[in-house]
Every structure is written in structure tokens, then in C-alpha cells.
Amino acid sequence: MATADEVHISDNDLKPFFVLHKASNSQQHARKPVGRTSRKVKVNLSSSLAASDESQLLDDQLHKNSRMKNFHDAWVKIESTIKDVLHNINADVFNEINGWVQKSFGAICSSGKLDTNKATCSYPIVTDVTSNQIFTAFVVMSNIEFVDDLQTFADLGVHLQSHGCHMANLSSVDFSAKSGIGGCLRSLLRQILNGSTDAADISILASWYMEHDNYKNPVVVIIEDMDRCSASVLSDFILMLSEWVIKIPVILILGVATTLEAPKNILSSKAVQHLSPSKFFLGHPTDRLDAIIEAVLVKPCSGFLVGHKVAAFIRNCFLRQDGTLTSFVRAVKMAIVQHFLMEPLSFTVKGLLDEEVAEADAWPRQALDLPSCMRLSEPKSEALLSGASQMKEVLNLWSSVVLCLHEVGKNQRTTLLDLYDEALDPKLYNLRNSDHLEVKPDPQRPSWNYDMHGQSFERQKGGLISRTIRQIRDLPPAALHQLLEKWDKQTEGVDMIHEKVKELRLQEDDNLKEPPTRSRKQTIRNNGNSDKLSEKAAALITCMTREHMQPIECIPFHEIVCFRNADKLQAALVGDPRKRIQLDLLECNKFLKCSCCCTKSHNVPISSMHDTSLMYTLAQEHGNLINLHDWYQSFKAVISQTTVKDKHKSKVSPSPKKRKITAQPQIITEASAQARFCRAVTELQITGLLRMPSKRRQDYVQRVAFGL
Amino acid sequence: MSKEETPQVTRRTTRLSATHTPNAIQSPTKSINLPPLSLHNLVYGEQQEPLTFDDLISSLPGRKNQIFDLLRLLGPVNSPMSPMFVYGSASTGKTSTILRVFRYLNRPFVYSSCRTCYNARQLFDNILNQLLLHRKSENNGYSSAKKCEKPADFVNLLKEALVGVVDGLKRSSSSKKLNGCVNGSMVYLIFDSLELVRDWDKSGTILPLLFKLHDVLKVNDVGLIFISSSSLDTYHSETGFVDPISVYFPDYTEEGLRQIFMRNQANPKLRSAFLDVVLKPFCRVTRRLDELSTALSPLFKKYCEPLDDLNVIPDEETKRKLFSCLQPHIGPALNEILGVTSQSSVEAGIKNNLKRKGGLKKFGNDSIDDIDFHMSTSAKYLLVSAFLASRNPATLDASFFDSTGGSANQKKRRKTSEKSKDLKEASEQELFMKGPGTFPLERLLAIFQCIASSDEYSLENDEDPQETTGLGGDFGENNLMSDILLQVSSLCNANFITKGGSCPLEGSTRYRSTISEDLALKVARSLKFPLSKYLYRR
Amino acid sequence: MKIQRTVEEAIVLLRKRLCDPDFIFSLFSDSPDSNYSKLKFIVSSSVTEACNNSILLLGPRGCGKNAVLDLVLEDLLKEYPDMISVIKLNGLLHCDDNCALKEIARQLCIEHELMFSKMASSDDNSQFMIAMLRECGLAHKTVVFVLDEFDLFAQGKQRLLYSLLDAMQSVSSQAVVIGISCRLDADQLLEKRVRSRFSHRKLLFLPPQKDDLQRLLKHILLLPTDSTLPHDYVTDFNSRISNIIADKKFNEIIDKLTDADCTVSNFVRFLFSAVCCIDSKSGYMTLENFKSALSTVQRQPKLDCLKDCSILELYIMVCIRRLEFKEQESYNFNSVMKEYKTIYDSVQNVDNYSRNVCLRAFEHLLDRQLIEFADRGHNQCIEFRSVKLLISPAELHQGLKSNRSCPAILQKLMNQEAKFVANG
């Protein structure tokens, strides 16, 4: 566990959760052995050749390091894949932007290069009315959460710089109303001149440009989050640039989070006149997420998979809570950490599912004890031997089928997120095998795609997959052709499916071979057999789903590679700090186990409670404005009534804490009471439950507590 | 002076840069050194072919009278002038005309725009640098010639510099060194976009100083020219100042605009036909040159699209045809202030995106994709509740969000609709004035909980039963409830919610939702949330 | 070609005169009861009798306070060489005491060929000033402090004035403080301690009378006969000038001018633009020159703006006017849009534009300063900030009439409202 904590600490984005969830970690401590013992019980009664506890513990000690190691390289693998995926997604947009930049730079230079004196002179060079416009790209991120695209813009900057542009990445921090126009100029100069200047003056930029390259490369200014900039400063900046536009070939790239309306709303109409904008679209977050899921989870790139519930949980996080890839990746990482922590057998997972591993390596003996192979009929030994390879090919089948389905769904914007979620569902699988997949017209059109609306469709009936299959029927031949090609690509290397797809394509080809000019009878016939073809395709995909799409949780030994404990993951991710704090304050007796408070229900204030929690309990009686005087009075009343109570309670159970109080009851003087009061209030403020009295209302504190 | 300051400045820059970035010191090998400035550089575009008077007039259509006024006021060579104040609304060619005139006259001038020099110190530095023929370059660490913060220093330095320059000019003109290239020994200081100076300092010392600069300097060989977009009577000053002589640049007339748009066109006939169609309606909206040109240039492309060769002389028939092609585009262009062009390939992408939506229509999901950016569900609920909190009076929250929300507020609404008319108007007026109301965070969260919980119910029962134990139920609940404050902040960042002023009673900051109603409706539709039912109509 | 050059020479001469206040005000210097003689008497007496003194020159802008003072000082410097040293300060530049003291020290150093150090602190400077005052007093040199924009010095704690006047209390010093201000209550601004040390001698500068203007006109415009200009041209020119002056149309023009503003500077500006209008072909001044000069000097910028407004902007103006007429105490863009919509619904053939275009036109009006924000709310976005109209309805009427492209419907809207006004 200690190593685990180090892992937590070592990593930045996990830190808060680690801090928040000491408690839950301790629960892990508490619970893990329990889980194992239960399993051990099974062992003892099932098989004679069970290892004894201490030997197993010993093994654990031995395997711990290998597990950590596995975790590390699994994570490294996943991280790198994610990076590649994102890079590939952005690549073409970046190239478009680059091409546009070069084009507009050419347009600027077409008005003729200026000689040095003209280019550094103070008066504007006006050749034409439209010539004092700045080429501007609105890069639409289409996600109100900005986190994911910070990296994107950094990459864009690097990309353009590699093509020779002089880059400056500004952000809304530079465009604050406080620092004004000088602030953003200063940071612009600092980035481009690689050194600071005493006065922020744009003429410096002009002379620098003439000195260092004259009209070879453009100056590109990226403003990452335009929505957050102070409107007036940004407008002034644009107007100022527009006075130098020919002398310094500046090209703006503005990141727009929401819609293209935003620039109009933010900028003043004067500034808008000086932009000649064009728009680019980054990948939609859901598409990116699909790509990542495909690369990381569907095609198992590292011996780690997640179960259905976990998938559902992650999906819900993305759709409902904050739709950022960052949080998604964080969730995956969390899952991995916990998996390798909790699953004792996960040490064997080393490179289980990558190609280079020889078939030879078998599951360890303990694997037999896993509940998933309790119901294995065949003799255990070869199950152990062939388990890995079997699992591998089953998974490959599964993933290829899912991808084929996704190919179908794509042109209806079915997100892989949902498909994946549904394809993982073991119950659905069983349902499918007890086949009534076809016969179900879906009732009240559910919003099955774009589930960022959170309206989750009736998943237990597998509506999505069956609908996706039905879509094949009404595909036009051309689309069908493309589809088949894609399938062909997808099912590479998975022979049993690949063959079928091949023959389907052959049929389709000789359909297409018929001469394009034909009588309508023929066309009808052709339509007919194109329909037939689509029917065939539908049938194929149906049987594929029925036979080969076997969720991970139906495979023996899946516990080794598959993480299923959604609750733990949720506990780790969706920490609710304020709620936690308040709960703990209200039932402090659970933590400091003193006998007297436990007897009472937690919300009656008792003197022996800890001051802070006592105060907070008292605060419950007030509204969100607490009169300090009343509060103090009630507090003092409570802590002074001890003496009476302790008399007859001391004989019940003398605890050192209370004896201290009973020993000198009169010690609670006004002063000490006030002192304790003040300390408690301060602590409450520090925990962020109170706001101290304001100028206007001297004698009131305000409760700033939500979530309860 | 400059010699004694430059080293210190360079030292500072190196030190700072060292602290800033390791690779701070640019390799000077790559850089080319700029030639030093001379008196030639005070003239517009030195070593240029002289501009004849006819060129001057023809190059600035519709500005004949103004050019004449300027020339008269500037007067013959070496004649002193009293300060001149050139005004006229934006993009009426003030700056370009004056620069043109100076190029025609070949007289030395110092131009400094108060837009580029965004505060007094920048302005002073800029003027002095130009007069002292000092150029910021890498060698002097991009420092300016003199340091002056206070206007007093500025006036002294300026006087020195002016005297120096004027003497230089006199000497050179006497020695006939740069004859014909620099004309006369008067130096003109041009202050552009002076209206910005009004916002610089609230104490208002700079503006009176600039207007009295001529008297303060007492140098006869300097002419002051102020260019402003607003007239003299908008420059308030408590002690007042002697008005300069003003020259007014009126907006371009329709004929003037036509002449400008007809300049250097490949196919004037076609262009004029286009302008016949377009210019009049657009001039009803605005007569600003820049706005018109940004609006017209894409339209002209559209106009030319049907033609195969652009050199055809259009006859009536083709004109009519072209117009019929153009007609649908005119209306939108009239009502658009920012036409965003998009790159070709992306365009295609968007297109088939739309096609897909069309395909979706077949499945009847109209609500899908109305908002084309990603928001998490909780953020949407938050947005909707913020919208409600801004629109509805706080007193009615109870009646809207109790258990029988719908029916209750039906009643409520009928009651309010029976209210007397003037009250209604007053409230409407108030809505118009104050815009969306502000609300404290607590109220937002309360409304949010009401809405979200009512929806959570529907969420649970369509997750499958086993799941509700694990993931549905409480899971969904606190899933939506958790880190709401993060969501609020991200909504603030997206400008959907703005932090209003703090409430006078308790010090908490108040919020206000700035989204338009239709956006709110879209979001609500995507949530299948009956927004209109909860909205309080006056 | 010849004539061209002479005309140009003449014009240059006139412009030199017009731009040189000393020449202009030298006219008034001769009469015995003029400010010139009074001021000269005071200063010279304090120079000769080696006493301290302080004067205020008050009067509206452009009545030649500075010019007369310059003339006086010039003459005195001629009369009493190296007995007077002049220190000039300007309230616009040196209103804060430190830089004022610095400036004084600097000018003193220049006067007495001393080395001036930038680094000196303000205490050093003040001590230096006092020391110099004593020195000059012992050397019987008068230091004349000219404080232009005197009222600005009276802002704040007035440390400078106090130290100056306090130094002058000592017998040894010998200085004259001359304050120039266009605020007639300038001496009321002084603190008690300063005012007690201030001798309340005031010279009032008033705008000239009409006959003075006549004299001024001749003084400026008549070309000198003893110049390089050809004689016949000069005589011809001068005769035409005198004809014009005799003309009563010209007198009307002068009346129009002086009714608005009869200060010398305004008059000179008028003459300057008149001179600028001289046609270099003929080379003589005509009545038309003066007429056009009058029109350039007396402009009505708001009306010009209204002439320039596009139709949409006019619509918005009319909407605002109607709102005002309905006694809506405050209104902003939204209410204007509502009014616009109602007009659009009620009346036919009103052209209807989208909201953001109207918003742009609204911003144009703000730029033209035909309307302005009534509140200081900066956190709000434009359409919620309340505005107010900066022109009277009469002006708006006139503007609508003068605007050629203004549609009739707008006129009607304004007029029916005017009728309401007439009725109610």
C-alpha cells in the first residue's frame, strides 16, 4: 500500500484525490484482505492443492513489485497511444491551418515588400481600404471545457514554428483588464524577441522583424481562449495591430470555445471590421473520445481492460459530469492503479495481450481459484495452458466486431462510446444468444446518439446494436460498398470473419461489374440484389455479433486483466470534499471514539464533543446567516452544562477525556470559552464552511456550505 | 545623453533576459543592421517620384475640398501656421489624405498615433525618437533615445529636439544638400486618433497640454496637426483652451463611394453594374468605407461566379441574370457584420456534417446537434437553471419548483397575466433596462437541484435494475451534484454566466446569465426539459 | 509667375503677423491706461525700488495676457540689462511641487551659468532656490516668477506658492511673482497662509471693443508700404481691404463673429482662415474670403454629424427621440430596439435590419457623440447600459431636413410627434 501511496503522490493529477481520500484508502486497507479471505474459503473447500495463507502472502510480497512494474509499463503504453491518437486527430487540421497561414502570408506580401525605413516608420502604410485587415483564424473547439485544448494549442504552436513562423502563444491571462494593452504587448514581445524590453511598444516588434527576417516568415499570434479575454483590451490590441498590418505581417489565431457568435459578442464592431476571419474546427470531443477508446480499450494495447460497470461509469462521467478527455484519461489511470493494487494475480498480466508474447506462458495455478473458472467444464490444466491465447483471440474477435458495428454506426453519428458500453454488457450477450435480437421495433425514439444529453437509452434491450444492424438494410449500394471495404480493413488478421467479409465483397463486385447503362427492369433487379447484398451484410454482422462478440466478463480468467469495481473507482474519482467534511464534522464521534458521544445520536450537541464539531452542529440551527452572539451563547451553554451531566455519567464509564473536564468544571471561564469559540470558528473558516463577518454586517458570519 | 543611457539599458535587458529564458540572447549573426536615420526620413517615403497635384486629387476621390482646405491652411513653404484640428468620423480618409498631402508637399513631419502609443509616456518617447532620428534596434536594446515620464521634461526635450532639427533643415536647405527632397524648414507634428487621449488620464492634463503646446513651445517653425474622430465640442476641459482651426471630413457620399469602389478594376462595366445593384441598399445601413468594402468584396465574388470570363461586357440580359443570382445573398449580407469564410476542405467536412444531420432528421431526432458544442449534462442543467434564475423573479421560485411545479405555475401565470397593464409595462421596461437579473449562488444551486433531481428520477429507471444499485440512484445523484462549483466556473469562463456586482446586503458575489433565450431553449430541448413551462412570462 | 511669388510673399508676411501675438498686441501697448503700461510700471518700480511684489493677470483666454507680459518683460530686459532674471512656470507642466522646484532650479542654473544636477532632491532644490533668491537680492537682481495657469498651482497643498511668497517676506530677497489665470476667482483659491502673503494686485484683461477690433484689423491686414513687395500691389491690396472694411456686409460678418466670441484670439483665428482663403491667382482679399472664413470658424458639428448619418442611424435617433417624448426617464439599446420594432409593425415600408447591425449603428452613434452613456456601469454589455441624447429635438428636426437621403417616413414620424408636443 505504501508503494501505492507513493504512486499517488508521485503523480500530479492524482494528488487531490489522494489527499481527499485517505479515508477511502484506509477502507481499501480494511477491505482487501476480506476479499481475499473469502476467495481463500472457496479455495479450501474446492481444491485440495490450495496454497496455505502465509505462502500466498509470501507470493504476494514477491509479486507486488512485478505488479507495480506491470502497472508502470501498461500506463506508459496507454499514455503514448493516447498521445499518438490525439496527434493523428489534430494532424490534418494543423496542416490546413499551416497552409492557410502560408497563403495569407503570401497575400500580405503580394502588396509588395517595404524597404526598411518604410517598414519601421511610424505612420501607417495604407495602400487600399481592405488592406488594413488582419488575417484571422477562429479555431472552434466546440467544448466549453477548455482543459483538453491547452495542449492542442501548444502543439499547434510547435507545428507552425517548425514551418518557420515566429510564434507567440498568448492566453487570456495576458489580456486582463488590469494589466491593459501594455500587458499583452509585453508578453508578446517577450515571446518573440526572446528577451524583455523596458517599454512595451509595437514599433520594437517592427524593427526586430526588419532586423531578423524581412518578409521571409509571418508572425503568428495564438490567443488560446478568446472567450475569457477582456473585451476592450482585445479590441484595442486588434486595432493597434491593424495600424501596423503591412509593416508587420501578423496573423491571428483565436481559439473559440463555444460558437462563432462569441467573437461578435466580445469584440467591438470597430475591431471586428479589421478581421478577415476564416474558421477551423478541431475534432469534436466525442469523436476524440471514440478514437481514444478504440485505441486504448477496444483494441487492447496493454494487458488491461475494464468491465461493463466501469465502462458505464466512465461514460457517465464523460457525458454528465465534465466532458473532458483529461478527466476520462484520469479515470482510466485511476482504474489501472486500483486494478493492479487489488488484483493479486495481475502480476501475470505482463505483456499478456501483445503479439510478441509466446503462447507458451500459462496462467499461474492460483488462477484456477478465480470465480470465472469455477464453471469451467474442461480439465483445468489445459485451460491454464491455453487460457492466454484463447483470451487473446476472443478479445480480437470481439474488438473487430465492435469496430465493424462502429463503422456501420459512424454515418449515423453513433458514438463508439455507447457501442462499447453496450457491447461490454454480459447480460446483453446472454440475451442475444437466447436470440430475439431482430424482432424489436424500438418504442419512443430514444436519443441514442449524442448521449452527452445524458438521456441514456433503454440499454438493457440492446436497442443500439440492433438498430445499428437494421441501418445496414437501408444503405444505398455505394455506402454499402464503402462499408464493406472498411470491414475488410477492420477484420484484417481475424481470419474467421475476414473470409466471410471477403466473399461478400466478391458478390458485390460482380454486381458492380454490370454495365452502368441498363433497362429499368434490370435496375430493379439490381436494386433487388443490392438489397439482397445488404441483407446478407446484415445477416453477417448479426451472426458476428451473436457468436463472436463475447464480452470480456464472460471469458474465463478475465479477473486477471479486467477491472470491474466501479464503486471503488467512483469513490476515488467523484470525491465530494465539502460533503465529506460536513458529514465528518456532524458525526465526529465515529472518528474519535469516545464512549459518551457514541451513545447519543449525532445531532444533539454534547459538551464532550470536539469544539469545532459542536459548533457546527449548533450552526445547523441557524440559516445561512449566523448571529455570532447567539451562537456563542448556545455554545457556552452547552459546554458549561457538562458539570451537571458528568456527575451521573462519570460512574458509568470513566474516560480520561471526561475526567479532565469533571476534575475542574469551573475552569470554563468566560475567557477560555471565548478562546475555544474563536478557535473553533477559525477552524470552520479554514475548512471553508464559514465566511467571516463582512464590513456591512459586523455581527454575522455566513455559512458557505453546499452539498448537504 | 543617449550615449550615457544606452549601456545601462542594455545591461538591464541582458540581466532580465538571463532570468527569463536561457536562450535569451539572439544570435546577432542572423540579424541585419538597420541603416541610421537621416533628415530624409522625416519626409513621407523618401526617394520617391514626386507626386503631381492631379495625382493627389485623383488618388483620393471625394476629398477634393478637404485637400484644398488642408493646402490652404498649411500655406506656402516656411510659412508659420496655427494649430489645425482635423476631424470626421471613422474611415473618412483623414489620415491617408493628410499623409498624401505631405507626400505631395515633401515637407518634414512627425506622425504619432495615440492608438499605437497607448499612454502619455509612449507618445512622448515616440515623438522624441523620431525627432532625434533615433531608431530602436537590437544594438541599443530596443531602448528609446530619452527617458521622460513627466510632461515638463517632455516639453524641454521637445524644444531642444525641434530647434536641433529646424537648424539642421535650415543648414541643409541653405547648403542645397537635399534640395527638392526635403522641402522647407518647418516641422509638422501630427497627432492621430486624438480622441483616445480623453480616456488616458482622468486628471486631464495631457489634452490641454497638447492643445496649448504651440503657445508653450513658442517655436514658430513647428506646425501642430490633430486628427480626431470626434469634433472639438466633445473635448471637455475645465479651464478650456484656445480652439485650433478645424477642418471637417464629412462621410463619403454615395458617389464618392462609387468612385472609390471603381478604382483599379479589371472590368469597370461589370463592376459598375454590380454597384448599381448593391451600393444603394448598403448605403442605407452604413456609409463607412471599411464596413462597406468588407461587405461588398465577397458579394462581388458571388456576383462574378456565374460568368465564365470576367472581361465580358454585361448587357441588360446578363445583368438581370446576374442580379437574380445575387438577390438571395444580399439580404443576409446586409444583416451580417462578420462574414466568416471557411477553408475548402473544412467546408466539405461541415457540409457532410449537415448532411448527417439531415439523415438524423429521418430518424426524427430534431433536438440533436442544435447546440454544436459539447457540454456535460450537469453543465446544461446548470445553464438552464441560471437562465431561469435570471429571468424569473426570486419570489416565484417556490411556486415553480414545488412538487406540482407545472400546474401551480399555470395558475400563477394566469394570475399575473390578469395584473394591470401599466404594472406589466413597468416590469417590462425594468427588464429592458436591467437586463437579466442577478442571483446569488445559493439560489442557483437550489434551482439546479430541483431540476436535476426531477430528471435524475427519469434517469434511474432507464438504467437497468442491477445498475441502479451500483451506478444509478445515489450514484447518478451525487454524480450530478459533485463539483458543481467547477461547472459554474467553467460556465463563467464561457461567458454564459457573468459575475455581477456583489449584493449590497451580504457581501457574496452575484451572478447573471447572459445567454439568449433561444440558446437556452435549445439546451433545454437537448435535455428534454420543459423550459417554457417554468419560465415566468410577464 | 512674378505675381504668384509676390502674392505668396504677401501671404507669408500676413501669416507671420497672425501667428505672432507680440506683433498683434504691440498695437495696444502705446495708450497710457492700457494693461501694458500698468504692468510695466509695477514691475519696473519693483525692479528699481528693489522690493518684492506679486500680481495676478486675470481674464478670459485669448485676451493677450501672456503676450502683453512678454512685451513688458522684453522691454524691461532691454532697459535694465542683467538686473532681471525671468523664471517661467506653467501650471499644466509643473503643477506638482517637486518638478516645479526642479524646473525653477534648472532655469536659475541656466540664467547664472551654473551646473544643474538632475539628481538633486526637491529639498536641495528649494534650499537652492532660497539661497539664489538671497544672492540675487544682495546683488540687486530681481527674479521674476511667471506662473502661467496660476489656478492649477493653487490646487493641492500649495507648497510651492507658500515657499515662494514666504521667501519673499524676507527683506533681502527681491522678486516679483506674476500669476496668469483665466479664472477670475483665482485668488480665492489660495489658502489663508498663502493669501496673507499675497499682495492682491490684479490686472483684468478684457476682450477688445469693436473699434479696437477695427484698428486691429487694419494693423494686421494692411501691407507695409516699406517692404520688398512691389508698391502698386501693396497700395491696391490696401485699398481693397479698406473698401471691404467700409462695406456694411462685412460689418455684419464681424458682428456675427463677435456675437459668438469677441476675444482677440478668436478674431485672429478668423483672420487667419480668411488669409488662407486668398486666391493665389488674383492675390487680393475679397468679401467671400471672410464669409468662408466665418463658416469655417463657426461650425455646428452636431448638425454635420446628423448630415452624415446613414438611414438606419437616423431611424435609431428618431426611436430614441420618441422614447424621450414618451417621458421614459431612461432607455437603452433594448428599449430602442423595441421602439424600432413597434415602428416597423405600425408603419409600412420601414426597412427592417437584424439586431447586430442595429447594434453596430448604435455604436456608430456613440462614436459620433450624438448619444452617450448615462451611467458608469462598465461590467455591463452595451445593450443594457442606459444612454441619453446629446442633441435637442429641434436640432434633430433640422438635421433630418438637411439630410438629403432622409426618407419621408422619418420626417413624418418626427412631425406627428411634434404635433403631439404642440397639442399637449
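## Buried or not

A residue counts as buried when its relative accessible area is under 20%, as exposed when over 50%, and as partly exposed in between (1.4 Å probe, protein chains only). By that yardstick, 57% of the 708 residues of chain A are buried. Keep in mind that this is a predicted model, where local features need pLDDT of at least 70 and side-chain atom pairs count only at pLDDT 80 or more, while totals for chains, interfaces and linings use all residues. Residues are numbered from 1 along each chain as its sequence is written, chains are lettered from A in the order in which they are written, and side-chain values use heavy atoms, with hydrogens and water left out.

Chain A has 30 helices and 10 strands; these are DSSP runs numbered from the N terminus, with helices (H or I) of at least four residues and strands (E) of at least two.

## The nonpolar cores

In soluble globular proteins, nonpolar side chains tend to be buried together. Here a nonpolar core is a set of buried Ala, Val, Leu, Ile, Met, Phe, Trp, Tyr and Cys residues joined through side-chain atoms within 4.5 Å. The largest one holds 246 residues, and those touching the most other members are A:Ile253, B:Ile225, B:Phe282, C:Leu221, C:Phe270 and C:Phe290. Helix 17 of chain C (residues 311-325) gives this core its largest share, 10 residues. There's also a second, separate core of 84 residues, with A:Ala311 and A:Leu540 among them.

Which residues does C:Phe270 touch, leaving aside its neighbours within four places in sequence? Its contacts (heavy atoms within 4.5 Å) include C:Ile253, C:Leu257, C:Phe290 and C:Val297.

## Where chains B and C meet

Chain C brings 60 residues to this contact and chain B brings 63. Together they bury about 5,200 Å², 55% of it on carbon and sulfur atoms; buried area is the accessible area (1.4 Å probe) that two parts lose on being put together, summed over both.

The interface of chain C and chain B also has 4 salt bridges, each being a side-chain nitrogen of Lys or Arg within 4 Å of a carboxyl oxygen of Asp or Glu. One pair to look up is B:Arg288 with C:Asp367, at 3.9 Å from N to O. Those two residues are linked with A:Lys270 in a network of salt bridges.

## Salt bridges inside a chain

Over all chains, the salt bridge count comes to 44. In chain A, A:Asp149 and A:Arg288 pair up at 2.8 Å, N to O. Although they sit 139 residues apart, in helix 6 (residues 147-162) and helix 12 (residues 285-298) of chain A, both are buried.

C:Glu103 and C:Arg106 form another pair, their closest N and O atoms being 3.0 Å apart. Both lie in helix 6 of chain C (residues 97-111), about one turn of the helix from each other. C:Glu103 is buried, at 6% relative accessibility, whereas C:Arg106 is partly exposed, at 23%.

## A threonine facing chain A

B:Thr116 sits in the loop between strand 2 (109-113) and helix 5 (120-131) of chain B. Is B:Thr116 buried or exposed? With just 5% relative accessibility, B:Thr116 counts as buried. Leaving aside neighbours within four places in sequence, B:Thr116 is in contact with A:Asp201, A:Ile202, A:Met240, A:Glu243 and A:Trp244.
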